[in-house]
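Dear colleague,

Please find below the structure for your records. My notes on it follow.

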Amino acid sequence: MAGREYNQSSPVHITPLQLEREPLLFSESIPAGTLDYAPDIAQVGPLPVSGRADLLVENRGHREQVADIRLRAAYRGQFELLCARCVEPVPTPLAGDFDLIFRPQSADADSRERAITLDETEIGYYEESGLSLEDVVREQVLLSLPARTLCKEDCKGLCPRCGKNLNLEACDCNAASDPGLKATRWNALADLARTIESR
């Protein structure tokens, strides 16, 4: 079954009603700045996402049916992650694909009498209004992030005293106690926090 095509840059909202007759094929480009990932990650340029959504009807007893949505898609884009040592932006390509099942939240509202199977631990939930593709993509991008990002293996990081980037310049700090040292450290940390928040 070919399905209907959905190709545009506006948000994709998927509902079971859309999928009753045929699958939904989509090809979307999420502009940079649309999704709020985390303070230390920024999307650079558009994020193309393409895939399909199918309706899976689960029968529970004679009269109860649950409308699950199966979402299969792939994405690929350019991001900037902050180096774990010097906090400079590091260009990072990210790509992934996923095959997920989403169930209406109300379907398992009373799960006390039902045993949860291993397969069901992989199931997500969508609200009554439907499923947002952008929300799913955001979560998948965050799950694909490397555990630690470095601008280079031998990154020298920041001076713990004055906060200078030691990859760019040396500093005159030494181990001797300095009355103004504590204030300098706090100022460097405050500047760093402001840099991260402004991203």
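Which residue in S6 does Ile41 stand opposite? The partner of Ile41 is Leu81. This is a predicted model, in which local features need pLDDT of at least 70 and side-chain atom pairs count only at pLDDT 80 or more, while totals for chains, interfaces and linings use all residues. Residues are numbered from 1 along each chain as its sequence is written, and side-chain values use heavy atoms, without hydrogens and water.

Strands S4 (residues 41–44) and S6 (residues 64–82) pair in the antiparallel sense over four bridges; strands are DSSP runs of E with at least two residues, helices runs of H or I with at least four, both numbered from the N terminus, and pairing requires at least two DSSP bridges. Within S4, Ile41 and Gln43 point to one face and are buried (under 20% relative accessible area, 1.4 Å probe, protein chains only), whereas Ala42 and Val44 point to the other and are not buried.

The largest nonpolar core (buried Ala, Val, Leu, Ile, Met, Phe, Trp, Tyr and Cys residues joined through side-chain atoms within 4.5 Å) has 27 residues. Leu47 and Val137 are among the members that touch the most others. S6 supplies the largest share of this core, six residues. Beyond its neighbours within four places in sequence, Leu47 is in contact (heavy atoms within 4.5 Å) with residues including Tyr37, Phe79 and Val141.

The whole structure contains zero disulfides (cysteine sulfur pairs within 2.5 Å). For Cys86, the nearest cysteine sulfur, that of Cys83, is 3.7 Å away.

Yours faithfully

Conventions: Buried < 20%, exposed > 50% of the residue type's maximum accessible area, 1.4 Å probe, protein only.
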